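Colleague: Got a minute to walk me through this model? I'd like the overall picture and then some side-chain detail.

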Amino acid sequence: MALDASSSTTQRVRVWDLATRAFHWLLVGLVVFLFVSGKTGGNLMVWHSQAGALVLALLVFRVVWGVIGSSTARFRAFVVGPKQVWVFARQLLGMPAQQTATPAEDVATTVIGHNPLGGWMVVVLLLLLTIQDRK
């Protein structure tokens with residue numbers, strides 16, 4: 001029996017707010033531009049420098065928004081401790097749970113937003129973008 005679209009109980013959930021979405025796409029565009037302009041050189045290096053300053057401004061915004069922003073944009077919503085990351089990674093790889101795991105340490109493998117590994121990837125990405133130097 002086919003399901004009718006009107007009988008579906010699927011609901012759209014917006015995970016990130018407009019500010020976070022704008023940050024994501026502006027950062028992607030700027031990083032692509034920085035890569036291309038850095039490889040091309042020449043007159044684009046003036047724009048390359050300006051784009052680098054914009055990336056720095058975006059990173060400052062994201063850190064501030066990660067502290068005071070919407071509930072899903074805050075770092076505490078997706079950056080968890082190493083024990084939860086380890087449990088999640090084991091579950092993701094299909095490894096048996098450790099006997100010492102408590103229900104609070106049991107991390108679901110389906111997460112809305114960044115999973116525990118993805119949360120730490122965000123932190124690493126922000127740090128790597130921050131330490132890029134000017135030549």
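Modeller: Sure, we can go from the overall make-up to single residues.
This is a predicted model, so local features need pLDDT of at least 70 and side-chain atom pairs count only at pLDDT 80 or more, while totals for chains, interfaces and linings use all residues. Residues are numbered from 1 along each chain as its sequence is written, and side-chain values use heavy atoms, with hydrogens and water left out.

Colleague: OK, how many helices and strands does the protein have?

Modeller: Five helices and zero strands, so the order from the N terminus reads α-α-α-α-α. Helices (H or I, at least four residues) and strands (E, at least two) are DSSP runs, numbered from the N terminus.

Colleague: And what share of the residues is buried?

Modeller: Of the 135 residues, 24% count as buried. Buried means under 20% relative accessible area, exposed over 50%, and partly exposed in between (1.4 Å probe, protein chains only).

Colleague: What about the total surface that the protein exposes?

Modeller: About 10100 Å², with carbon and sulfur atoms supplying 67% of it. Areas come from the Shrake-Rupley method with a 1.4 Å probe, and for residues only the protein chains shown count as cover.

Colleague: Which residues form the nonpolar patch on the surface?

Modeller: Trp25, Val28, Val32, Phe35 and Val36, with about 550 Å² of accessible area together. Patch members have over 30% relative accessible area and no salt bridge; like charges are joined within 9 Å, nonpolar side chains (Val, Leu, Ile, Met, Phe, Trp, Tyr) within 5 Å. A salt bridge here is a side-chain nitrogen of Lys or Arg within 4 Å of a carboxyl oxygen of Asp or Glu. Val28 sits in helix 1 and is partly exposed because its relative accessible area is 42%.

Colleague: Thr20 caught my eye. Is Thr20 buried or exposed?

Modeller: Thr20 counts as buried because its relative accessibility is 1%. Its place is in helix 1, residues 18-40.

Colleague: What is Thr20 in contact with, leaving aside neighbours within four places in sequence?

Modeller: Trp65 and Ala73. Contact means heavy atoms within 4.5 Å.

Colleague: Switching to aromatics, how many pairs are there?

Modeller: The count comes to two. In one, the rings of Phe61 and Trp65 are stacked because their centres are 5.8 Å apart and their planes are at 15°. The rule: rings of Phe, Tyr and Trp (its six-membered ring) pair if their centres lie within 6.5 Å; planes under 30 degrees apart count as stacked, over 60 as edge-to-face and the rest as tilted.

Colleague: Where are Phe61 and Trp65 in helix 2?

Modeller: Helix 2 covers residues 44-68, and the two are separated by about one helical turn because they are four residues apart. Phe61 is partly exposed at 31%, and Trp65 is partly exposed at 23%.

Colleague: Which residues make the edge-to-face pair?

Modeller: Phe75 and Phe78, at 5.9 Å centre to centre with 70° between the planes. Both lie in helix 3 (residues 75-78), three residues apart. Phe78 counts as buried because its relative accessibility is 4%.

Colleague: How far is Gly118 from Phe78?

Modeller: They are 40 residues apart in sequence and 8.1 Å apart in space, C-alpha to C-alpha. Gly118 lies in helix 5 and is buried, with a relative accessible area of 15%.

Colleague: Last one: which residues of helix 4 are buried?

Modeller: In helix 4 (residues 82-92), Val85, Val87, Phe88, Ala89 and Arg90 are buried. Their cover includes helix 5 (116-130).
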